[in-house]
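Biologist: Please take one part of this chain and look at it closely. I would like its packing partners, its residues, and then the wider setting.

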Amino acid sequence: MPAIGRDEVIAAYRLFLRRDPESEAVIAPRLGMSRENLLSTFVMSPEFLQRPEHVKLLLEVATSIEVRKKIPDNLVGMPSVTEGDIEAAKRIFWPEPQAQPLEPLPGQSAEQALAQMMRSEHFQKNEFNAKLVTVVAGQIIERLSKK
């Protein structure tokens with residue numbers, strides 16, 4: 001996969017942080033990153049993790065990943081996933097081509113798009129994505145159990 005470009009960085013800000021980047025100065029260091037580094041940077045960022053709905057989504061997706069690991073591939077159906085963000089966002093989440101194309105939904109919020117992408121079978125079956133989400137969810141559970 002080609003290195004991350006400006007469109008992917010801007011899409012990541014919109015999806016994960018619900019805002020545009022504050023300046024070109026925060027975009028530049030991310031240009032050329034691998035998709036894994038970009039995804040890790042945003043999923044593990046304090047700004048992303050401070051939102052309870054993001055924590056809930058990560059825990060939900062981590063649980064789903066664990067369940068998927070227990071289901072033989074021939075029993076797992078390919079869900080119909082619709083999506084409302086730019087093509088660049090797809091390249092962040094999926095390093096290989098989609099088995100089923102994503103169609104934008106007019107007016108879909110960044111939160112809805114992020115949840116749909118992370119809940120998709122394609123996202124969850126990617127080894128890196130699964131490890132990242134389960135590690136971050138484990139850290140969240142550990143922090144919550146200490147409170």
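Modeller: A cut-off comes first: an angle under 35 degrees between two axes counts as roughly parallel. The model is predicted, and that holds for everything below. My part is helix 3, residues 35-43.

Start with helix 1, residues 6-17. Helix 1 and helix 3 pack at an angle of about 30°. Their axes are 10 Å apart. The angle is under the cut-off, so helix 1 and helix 3 are roughly parallel to each other. Their crossing is right-handed.

Which residues of helix 1 and helix 3 meet? Helix 1 brings Glu8, Val9, Ala12, Tyr13, Phe16 and Leu17. Helix 3 answers with Leu38, Leu39, Phe42 and Val43. By class, this contact has 9 nonpolar residues and 1 charged residue, with no polar ones.

Now helix 9, residues 127-146. The axes of helix 3 and helix 9 come within 11 Å. They cross at roughly 20°. Helix 3 and helix 9 are therefore also roughly parallel to each other. Helix 3 passes helix 9 in a right-handed crossing. From helix 3, the contact uses Arg35, Glu36, Leu39, Ser40 and Val43. From helix 9, it uses Phe128, Asn129, Leu132 and Val136. The classes here are 5 nonpolar, 2 polar and 2 charged.

Put the two lists together. Leu39 and Val43 of helix 3 take part in the contact with helix 1, and Leu39 and Val43 also take part in the contact with helix 9. Leu38 and Phe42 are listed facing helix 1. Arg35, Glu36 and Ser40 are listed facing helix 9.

Ser40 deserves a stop. Ser40 sits in helix 3. Is Ser40 buried or exposed? The cut-off for buried is under 20% relative accessible area. Ser40 has 18% relative accessibility, so it counts as buried. Neighbours within four places in sequence aside, Ser40 is in contact with Phe128 and Leu132. Phe128 and Leu132 are among the helix 9 residues in the contact with helix 3.

Next, the core. In soluble globular proteins, nonpolar side chains tend to be buried together. The largest nonpolar core in this model has 35 residues. Phe16, Val43, Phe48, Leu58, Met118 and Val133 touch the most other members. Helix 3 supplies at least two residues of this core. So do helix 1, helix 2 (24-27), helix 4 (46-49), helix 5 (52-70), helix 7 (110-119) and helix 9. Helix 1 gives the largest share, 7 residues. Val43 and Phe16 tie this back to the packing, as both belong to the contact of helix 1 with helix 3.

Helix 1 also has a partner in helix 7. The axes of helix 1 and helix 7 come within 7 Å. They cross at roughly 95°. That makes helix 1 roughly perpendicular to helix 7. Arg14, Leu15 and Phe16 of helix 1 make this contact with Ala110, Ala113, Leu114 and Met117 of helix 7. The residues divide into 6 nonpolar and 1 charged, with no polar ones. Phe16 thus appears in the contact with helix 7 and in the contact with helix 3.

A few single residues round off the neighbourhood. Arg18 lies in the loop between helix 1 and helix 2. Its phi is near 60°, a positive value in a residue other than glycine. Most residues other than glycine have a negative phi. Arg18 is partly exposed, because its relative accessibility is 35%.

Val135 is in helix 9. With 38% relative accessibility, Val135 counts as partly exposed. Its C-alpha atom and that of Ala62 are separated by 8.6 Å, although the two residues are 73 apart along the chain.

Pro2 is in the segment before helix 1. Pro2 is exposed, with a relative accessible area of 63%. Pro2 and Gly32 are 30 residues apart in sequence, and their C-alpha atoms are 8.3 Å apart in space.

Last, the whole chain. The protein chain has 9 helices and 0 strands. Buried residues make up 43% of its 147 residues. Among contacts with a separation of 6 or more, 72% join residues 24 or more positions apart.

Key:
Residues numbered from 1 in each chain as written. Predicted model: local features only at pLDDT ≥ 70, side-chain atom pairs only at ≥ 80, totals over all residues. Heavy atoms only, no water. Axes fitted to C-alpha atoms, helices over the stretch in contact; angles between N-to-C directions. Helix = DSSP H or I, 4+ residues; strand = E, 2+ residues; numbered from the N terminus. Parallel < 35°, antiparallel > 145°, perpendicular 65-115°, else oblique. Left-handed = near helix turned anticlockwise from the far one by under 90°. Contact = heavy atoms within 4.5 Å. Nonpolar A, V, L, I, M, F, W, Y, C, P; charged D, E, K, R; others polar. Core = buried A, V, L, I, M, F, W, Y, C linked by side-chain atoms within 4.5 Å. Buried < 20%, exposed > 50% of the residue type's maximum accessible area, 1.4 Å probe, protein only.
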